[in-house]
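Colleague: Could we go through this model together? I have a few questions about its metal site, its rings and its strands.

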Amino acid sequence: MSIAKIFKSFDNLIKKVPSTLFVPPEKLKGLLSQLPSIKIFKIGNSRDGQPMFGVKCGVGKRKVSLIAGCHADEPVGPMMLIFLCQWLSNHNLSKALLNEWTFIIIPQMNPDGALKNNSWMELPLSFSHYFENAVRELPGDDIEFGFPETASTLVRPENKNASTFLSQFGPFDAHFSLHSLGVGGGVWYLIGDNHGKSSQHLREVLKKETLLMNYDLLNIDRFGEKGFTRLDEGFSTSPTSVKMKEYFLARDDKVMAAKFHWSSMEFIKSLGRDPLMLVSEVPNFISPHLNDLLTKEDFNKKIKFEEARIKAFNNQDKEKAINDFLKEYEVKSMPSVSQMSLQFKMIINSLIWVANK
Ligand SMILES: [Zn+2]
């Protein structure tokens, strides 16, 4: 089957996106249980006692892990992984991929966080609902940076459940952690530094797919801070707990440094092989004024944007002030279906790249 047909079939599937991105655990279980040839596991409970689920699909020698929802206020990734499970279960389309790959998926890493954010998850996402109601965990509670370095490291139950489940199937050849930007200048892909330089061809493919959908790439350079080393327009290496710790230790903040455990990337890499690891940072809202973040002046523009946004939200005539702000900064939303389509293209193109490496 041609890749164009594969992409089209996923785009057709996600047209059935529900009216909200919030999916409670029981509904998630129901959705996954009815899919043919998908094996579903209960992998444990969240801190607040909600069930967490993992999925296995495919019989291939190569293994890929996919997780989403680590950050409480990033609900597009979990919805995308539910659709990915649906897509994989339709063998007319996915047979070749499932013969080559075994998919291990945790669609929702943070059911407690999703529940705390469900009030703004109705589609289409609203800029004001999002900024007024989105909540996320602080370092120390951050599930992406909460994976255990050893079996006895004390971490959140979500991380314990996920690491125990994923370990059974490792080592992996590829790993994806789906993330979002609240508002950004474009799409940003983070690649594990073991494939930073060697991923040039893959980066060109992902850049082409993004531009084809008429979205910009985030042109950012964080000069290696926290592990974000620029690879190209739209691409950086992914942050690591080692670099996070270094960053805070250099600022004499031992308490903050101690809050970072392994990221999911560091954990998956520790299981062996040389996995391609990718994080998608796809914006819910896009402003071209935030696209070029290369110099100190550019980053000052970002601070000004944030100040203007807060000022608009605190204005007595809030509705008008927010509309004026959105106009001034040319803020547009990126529909969830476009975000999911792009994440799907990232995953499929990456798996092809790994198989041909
Ligand atoms: Zn995130």
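What follows is a short exchange on these topics, and the model is a predicted one.

Colleague: Which residues coordinate the zinc ion, and at what distances?

Modeller: Happy to start there. Glu 74 contributes two OE entries to the donor list, and His 71 and His 179 each bind through ND1. The donors lie at 2.0 to 2.3 Å.

Colleague: Is the arrangement of the 4 donor atoms around the zinc ion regular or irregular?

Modeller: Four donors count as tetrahedral if all angles lie between 85 and 135 degrees. Here the angles run from 56 to 142°, which makes the arrangement irregular.

Colleague: How many residues apart in sequence are the parts that Glu 74 and His 179 tie together?

Modeller: Glu 74 sits in the loop between β3 (62-68) and α3 (76-88), while His 179 belongs to strand β5 (residues 174-184). The pair therefore ties together parts whose separation in sequence is 105 residues.

Colleague: What kind of pair do the rings of Phe 165 and Phe 169 make?

Modeller: A nice one to look at: a search of the whole structure finds 23 aromatic pairs. In this one the ring centres are 5.2 Å apart and the planes of Phe 165 and Phe 169 meet at 70°, so the pair is edge-to-face.

Colleague: In which sense do strands β1 and β2 pair?

Modeller: The two strands form a hairpin with 5 residues between them, and Gly 49 in the turn has a positive phi of about 90°. Phe 41 stands opposite Gly 54 in β2. Over 6 bridges, β1 (residues 39-45) and β2 (residues 51-57) pair in a sense that is antiparallel.

Note on methods: Residues numbered from 1 in each chain as written. Predicted model: local features only at pLDDT ≥ 70, side-chain atom pairs only at ≥ 80, totals over all residues. Heavy atoms only, no water. Phe/Tyr/Trp six-rings, centres within 6.5 Å; stacked < 30°, edge-to-face > 60°. Pairing = 2+ DSSP bridges. Helix = DSSP H or I, 4+ residues; strand = E, 2+ residues; numbered from the N terminus. Donors = N, O, S within 2.8 Å, 3.2 Å for Na, K, Ca; no water. Tetrahedral: all angles 85-135°; square planar, octahedral: opposite > 155°, others 65-115°.
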